[in-house]
Amino acid sequence: MNSSLRIDNLRSPLSGPFDLTVEAGTCLSVMGASGSGKSLFLRMVADLDPNEGEIWLGNVARSSLSAPDWRRQVIYVAAESGWWRDDVAAHFEPSQRPAAADLADRLGLPPELLGAQVARLSTGERQRLSLIRALVRNSPALLLDEPTAALDRDSIGKVEAVLRERMAAGTTLIMVTHDPSQSEHLAHQRVIMRDRKLEPAA
Amino acid sequence: MNAISLTPLDLTIAASLLVADALASIVLKLNLHWKIAVSATRMVLQLAAIGFILRWVFQLGHPAVTGLIVMVMVLIAAREASARPERHLKRAGGFWIGLSAISLSTVLTALFALTTALRPKPWYDAHYAIPLAGILLGNILNATSLALDSFLGSISREKAAIEARLCLGTGFWPTITPYVRDAIRRALVPIINQMSAAGVVTLPGIMTGQILAGLDPIEAVKYQILLMFLLSGGSGLAAAITAYLAAWRLTDPRERLRLDRLKNA
């Protein structure tokens, strides 16, 4: 299945309109000042905030899917991770746990973290585990909001390696980042958010 | 019944306790004497007014007047239930939710009692309908505002967790149901506590009143038991309606969490 994302006149009273296409297996990076509307843009793509316009995943229109079906295909990973149970393991289906353990290892997390209490995790550990929670679902597209903001250089490299591998397998990424070098070596297309509108990066 | 009738002098003597309270407030610098005076005056005026209104309504015996009185009581309760929670819905959402939950559960529970256990003739006899609606409303109001407060509070606190589940493709209702359940549970704690403490720790007000008014204790106890059943039934219904309506108000056809429909804290 083609997993390109084509955003067509996506707008809300607060921001947009946005028009752009992210080819399958590539990454669009969104940079810009805090408060310029980057997270708002990702939330609109994931249909978490009221918005108008159409988005195509390959040849499937967002309006033809129920909202949960769309969000299973185009998973938004928020900058601040949310947890609805006390222990990490409860956030994974039993069938997802082997893949989660494998990813945890590759992202530099000790295996026992998957059995830990969420309250005892550091910010960086939570951030990587919430990314793993999305990755194990093997969705065709991912919307990542500052996925490496709380991480050290070594861990950033590990996350980027996994993301590159996913892109090679056809996953489409839209990534908000504050790190120009990350944008430069990971993204195929780069845009900047200014006053809730997107412009091509210089 | 051989109730001892109270004279104005009896009440005046009892009011001396209040004067003692006010004096204590002045001596101990509690700064409460003004509040005590105002609230005691309010209480006397409000109760006297309702006494005369009820006497008039009972004499009239007209179902439309009884219905009107109950309606006014329901409206006031709905306003009170939506004012109490810490977080508020925009566009008077809390009032409409409160009004739906309170009116539906009060009317259903009262009708149920009036047509099965109490069976006055006619069934809408104001002697029964109005006091019954009053006691039901007091408890249902509590359950409604507790359910609303607990639901709106936990939803705004747990925004990140709820949206994390929505983002992974879980539907709105499976995601929100645990919070709905929790709100209902919290709303029912007072009535459950009241039931387990009744007769051991406290003598319920209605029963005490009836015994003071000269009714046989066993008869009074039977009334109290019936009331407790009605109150828990009505409260449970009101809490469930409130929590589900509030959840429904905070989502839309695209199964989003619409916290923009909450007023800023």
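Visitor: Domain bounds come from an automatic or database domain assignment, right. So how is chain B divided?

Guide: This is a predicted model, by the way. Chain B has domain 1, covering 1–60, and domain 2, covering 63–261.

Visitor: How far apart are the C-alpha centres of the two domains of chain B?

Guide: They lie 29 Å apart.

Visitor: And how many residues are in contact between them?

Guide: Nine residues of domain 1 of chain B are in contact with eight residues of domain 2 of chain B. The two domains bury about 720 Å² between them. Of that area, 83% is on carbon and sulfur atoms.

Visitor: Which residue classes does domain 1 of chain B bring to the side that touches domain 2 of chain B?

Guide: Eight nonpolar residues, one polar and no charged.

Visitor: What is the salt bridge count between those domains?

Guide: Zero between domain 1 and domain 2 of chain B. The count of residue pairs in polar contact across that interface is also zero, with both residues at pLDDT 80 or more.

Visitor: New topic. How many residues are in contact between chain A and chain B?

Guide: 23 residues of chain A are in contact with 17 residues of chain B. The two chains bury about 1700 Å² between them, 54% of it on carbon and sulfur atoms.

Visitor: Which three residues supply more of chain A's buried area than any other three?

Guide: A:Leu48, A:Arg71 and A:Trp84. They supply 34% of the area that chain A buries against chain B.

Visitor: How many salt bridges and polar contacts are there between the chains?

Guide: Chain A and chain B share three salt bridges. There are nine residue pairs in polar contact between them, both residues at pLDDT 80 or more.

Visitor: Which helices and strand of chain A each supply at least two residues to that side?

Guide: Helix H2 (67–73), strand E6 (74–77) and helix H4 (123–135) of chain A. The largest share comes from H2(A), with four residues. By class, the side of chain A that touches chain B has 10 nonpolar, four polar and nine charged residues.

Visitor: Why can charged side chains pair?

Guide: Side chains of opposite charge can pair when their charged atoms come close.

Visitor: What does A:Arg43 form a salt bridge with?

Guide: B:Glu163, with the closest N and O atoms 2.7 Å apart. The pair crosses between chains, from helix H1 of chain A to helix H6 of chain B.

Visitor: Is A:Arg43 buried or exposed? And B:Glu163, buried or exposed?

Guide: The cut-off for buried is under 20% relative accessible area. A:Arg43 has 11%, so it counts as buried. B:Glu163 has 7%, so it is buried as well.

Visitor: Which residue forms a salt bridge with B:Glu163 within chain B?

Guide: B:Lys159, with the closest N and O atoms 3.5 Å apart. B:Lys159 and B:Glu163 are four residues apart in helix H6 of chain B, so about one helical turn separates them. B:Lys159 counts as partly exposed, at 32% relative accessibility.

Visitor: Which residues are linked in a network of salt bridges?

Guide: A:Asp47, A:Arg62, B:Asp252, B:Arg254, B:Arg256, B:Arg258 and B:Asp260. One link in the network joins the side chains of A:Asp47 and B:Arg254, at 2.7 Å from N to O. Another salt bridge joins B:Asp252 and B:Arg258, with the closest N and O atoms 2.9 Å apart. B:Asp252 and B:Arg258 are both buried.

Visitor: Last one. Where is B:Ser145 found, and what does it touch?

Guide: B:Ser145 is in helix H5 (residues 126–157) of chain B. B:Ser145 touches B:Ala81, B:Arg84 and B:Pro85, not counting residues up to four places away in sequence. Its relative accessible area is 6%, so B:Ser145 is buried.

Conventions:
Residues are numbered from 1 along each chain as its sequence is written. Chains are lettered from A and ligands numbered from 1 in the order in which they are written. This is a predicted model: local features need pLDDT of at least 70, side-chain atom pairs count only at pLDDT 80 or more; totals for chains, interfaces and linings use all residues. Side-chain values use heavy atoms; hydrogens and water are left out. Contact means heavy atoms within 4.5 Å. Buried area is the accessible area (1.4 Å probe) that two parts lose on being put together, summed over both. A salt bridge is a side-chain nitrogen of Lys or Arg within 4 Å of a carboxyl oxygen of Asp or Glu. A polar contact is a pair of N or O atoms within 3.5 Å; within protein, one must be able to donate a hydrogen and the other to accept it, and residues adjacent in sequence count only if both atoms are side-chain atoms. Ala, Val, Leu, Ile, Met, Phe, Trp, Tyr, Cys and Pro count as nonpolar, Asp, Glu, Lys and Arg as charged, and the others, Gly among them, as polar. Buried means under 20% relative accessible area, exposed over 50%, partly exposed in between (1.4 Å probe, protein chains only).
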